[in-house]
Amino acid sequence: MRKPKRIIIREEYCMGCRLCEVYCITQHSKSKDIIKAYRGEEPRPVSGIYFEEKGFVSFALQCRHCDDAPCLEACITGAMYRDESTGMVLHDRERCVGCWMCIMACPYGVVKPDFGERKVASKCDLCIEAEFPACVEHCPNEAIVLVDEEGERIYKEAV
Amino acid sequence: MAKAKYRPEFIVQRDDEKCIRCQVCVRMCSNDVHAYYPDTVISDSFKCVGCHFCEDLCPTGAIAIRRSEPHIKENYHWSGTDVYNIIKQADTGGVLLTGMGCDRPYKDYFGHIVLNASQVTNPSIDPLREPMELRTFIGGKPEVVIIGKSSEPELRTQIPPQLELETPIMFSAMSYGSISLNACKSLAKAACDFGTCWNTGEGGLHRDLSPYAHRAIVQVASGRFGVNKEYLDAGCAVEIKIGQGAKPGIGGHLPGEKVPEEVSRTRMIPEGTDALSPAPHHDIYSIEDLKQLIFALKEATRYEKPVGVKIAAVHNVAPIASGIVRAGADFVVIDGIRGGTGAAPTLIRNNVGIPIELAIAVVDSRLREEGIRNRASIIAAGGFRSSADVVKAIALGADAVYIGTAALIALGCHLCQRCYTGKCNWGIATQDPYLTKRLNPEIGARRAYNLLRAWSLEIKEMLGGMGINAIESLRGNREQLRGVGLNEVELELLGIKHAGEAW
């Protein structure tokens, strides 16, 4: 199995602006336009980011695309699957029945319930459509960075 | 009497059609300007300091910070600032404080000096095709070259210790305490990567900065904070700070609230106590006293490092600099009226000192007249805005320049002049852990490095245009400068001709 690209969080540089969530929602909206996504579209997509903050420590956590992903084991329909070509853990909304066992199983709490069109699970897909994760691209302080399977940092320009 | 009401300095304009209620501004403003109420964001313009952090972070560009219109009746003599300063002082009875450099409209001499270029009679040089030397050595230069008498070539001249810089631009003294550790790291790393120097300021050397100490000029100031044997040994040069351009004749005061554990450890003072730097050095009341300290530091560093003295540019700057050179300093730093600070009384910052352009020219002339110019390098500081200012300063006689404000702007500073509040939204002039993490030293170092690179490229272009291929050949080469709109006294002090006069 190929190891996926991963988003690394560096909480020492996270300033807690939560712009990652704003751009995640925009990227996963129908219009891909920030103002339309927020002011027009219903339902608004759920961001794939779990944001945690206590005192001055904050970080934005996305799906870790674990090598031994418990959500894969927990999924009863096979909606949660591993893409063998990239190694990423992906989620097929069509096959999801909304049992949310993945949410129960995820040790990081990064799978979220989505009540939008119908009851399904929702999580980070590393912006598979856009080639480069929106949260990484727009983080103003480079507190989240993308690394390849070797752990080498990938920059937007290189994609 | 009715209590006067303050007027906001800035107006926070929010384009409600663009605002998506993401609340980034609410979370980010350290001055609590923005507040979220169910489905609306309210901005209190009174609290805005004009740092533009929210404006730059707003993902939809919904926020615009505008200067508010003058709110008192127009009066040539009594500006709104004057009136509201008086109201503020009548309210508080206190000294007005500010940060950064003088912002008053004194004559900008750099703006009245133009550079030369080669045409027909001398060839210009293309720096992209031919080598161009920006390497600069800071330190005393020997009087004569002594060559051995044997048949083998042999140089017997003893050369005093030198700082080798890849560009004549260094980062000026900004202490850990006045700026955040991340800001220090950014500048230190950029200086090391580029091959120039940074300066510790009077804050000691934090242990996280020790990897960059080989390019650090360590400062010894009137409070002697953080000075010990290891500190002196760690740096590449030692600088005795007598004064700074933003507040000549004034000491420093870092309030106890800004002395948390790390600052206390670095400055070697108890946690939570005020760090007071006296206005004078209490052991220096004459050039002879200064000489003792210079040689004490030279002894302590085994004569292996240049030891310099930093003074503010004041009326008597030329004779003082002459005394400093005669006292044995290897370099003299002159900080002009535009020099910045983390905190200074507003009126001192705005009214004390002289412009750096004149100070460089008179110091260089004086040292040349006395035949001691070779004994020390001149480093100019205070308000260098571009590579053109650097080139002009070097042509006036400086060996290198210090940039402080320009370097902080590269790190994000928007010159709101509220450094003294410790609430810097950009994470620069603060010790608040919520705010310091906003400056990622990786980004900071990259941006500061880029600034050095860009200015160095521009300096090479300008040198090439003049037909000069080494910065050494520009130093004190005032024939390359011409004044525009300067009177006779100014031209004489600057030692330059008026535009239109040939060689």
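Let's start in the middle of a sheet: in strand S15 of chain B, the residue that bridges to B:Glu239 is B:Gly308. Keep in mind as you look around that this is a predicted model. B:Gly308 also has a bridge partner in S16(B), namely B:Phe331. That makes this glycine a handy place from which to read the strands around it.

Take S15(B) itself, residues 307–312. How many of its residues are buried? The count is 6 of 6, so the strand is mostly covered, given that a residue with 20 or more other C-beta atoms within 10 Å of its own is called buried. Cover comes on both faces: B:Val307, B:Val309 and B:Ile311 are buried on one side, and B:Gly308, B:Lys310 and B:Ala312 are buried on the other. Notice that a lysine is in that second group.

Now for the neighbours of S15(B). With strand S12 (residues 237–241) of chain B, the strand shares 4 bridges, and the two run parallel. With strand S16 (residues 331–335) of chain B, there are 5 bridges, also in the parallel sense. Besides the B:Glu239 bridge, you can find B:Ile240 of chain B opposite B:Val309 in S15(B). To get from S15(B) to S16(B), follow helix H8 (residues 317–326) of chain B: the three elements make a right-handed β-α-β unit.

Stepping over to S12(B), you meet another mostly covered strand, with 5 of its 5 residues buried. On one side the buried residues are B:Ala237, B:Glu239 and B:Lys241, and on the other they are B:Val238 and B:Ile240. S12(B) also pairs with strand S11 (residues 216–220) of chain B, in parallel and through 4 bridges. Here B:Ile217 stands opposite B:Ala237. A helix links this pair too: S11(B), helix H5 (residues 229–234) of chain B and S12(B) form a right-handed β-α-β unit.

Next, have a look at helix H10 of chain B, residues 356–369. Its 14 residues should span 20 Å at 1.5 Å a residue, and the end C-alpha atoms are indeed 20 Å apart, so expectation and model agree. Is this helix enclosed or open? Since 11 of its 14 residues are buried, H10(B) is largely enclosed by the rest of the structure. The buried set includes B:Ile356, B:Leu358, B:Ile360, B:Val362, B:Val363 and B:Leu367, and also B:Glu357 and B:Asp364. Among the elements that cover them are H8 and S16 of chain B, which we have already visited, along with strand S18 (377–381), helix H11 (387–396) and helix H15 (488–494) of chain B. Just after the helix, B:Gly371 takes a positive phi of about 70 degrees.

Back at S16(B), the loop that leads on to strand S17 (344–345) of chain B holds B:Thr341. Why does a loop residue like B:Thr341 count as buried? It has 27 C-beta neighbours inside 10 Å, and the cut-off is 20. Beyond its neighbours within four places in sequence, B:Thr341 is in contact with B:Gly99, B:Gln244, B:Ala246, B:Lys247 and B:Arg349. The C-alpha atoms of B:Thr341 and B:Gln417 are 9.2 Å apart, although 76 residues separate the two along the chain.

Zooming out, the domain assignment splits chain B into domain 1 (10–94) and domain 2 (136–498). Their centres, taken over C-alpha atoms, are 35 Å apart. Where the two domains of chain B meet, 9 residues of domain 1 are in contact with 7 residues of domain 2. On the domain 1 side, those residues divide into 5 nonpolar, 4 polar and no charged.

Then there is the contact between the chains, which takes 16 residues from chain B and 16 from chain A. On the chain B side, helix H1 (24–28), helix H13 (433–436) and helix H14 (441–466) each supply at least two residues. H1(B) gives the largest share, 3 residues. By type, the chain B side divides into 9 nonpolar, 2 polar and 5 charged residues.

Last stop, chain A, where 3 strands form an open antiparallel sheet in the order S1-S8-S9. The edges are strand S1 (6–9) and strand S9 (153–154) of chain A, each pairing on one side only. S1(A) is joined to strand S8 (residues 144–147) of chain A by 4 bridges, and A:Ile8 stands opposite A:Val145 in S8(A).

Note on methods: Residues are numbered from 1 along each chain as its sequence is written. Chains are lettered from A and ligands numbered from 1 in the order in which they are written. This is a predicted model: local features need pLDDT of at least 70, side-chain atom pairs count only at pLDDT 80 or more; totals for chains, interfaces and linings use all residues. A residue is buried if 20 or more other C-beta atoms lie within 10 Å of its own, exposed if 12 or fewer, and partly exposed in between; C-beta atoms are placed from the backbone. Two strands pair if DSSP finds at least two bridges between them. A crossover is right-handed if, with the strands pointing away from the viewer, the path from the first strand over the helix to the second runs clockwise. Ala, Val, Leu, Ile, Met, Phe, Trp, Tyr, Cys and Pro count as nonpolar, Asp, Glu, Lys and Arg as charged, and the others, Gly among them, as polar. The expected span of a helix is 1.5 Å times one less than its number of residues. Domain bounds come from an automatic or database domain assignment.
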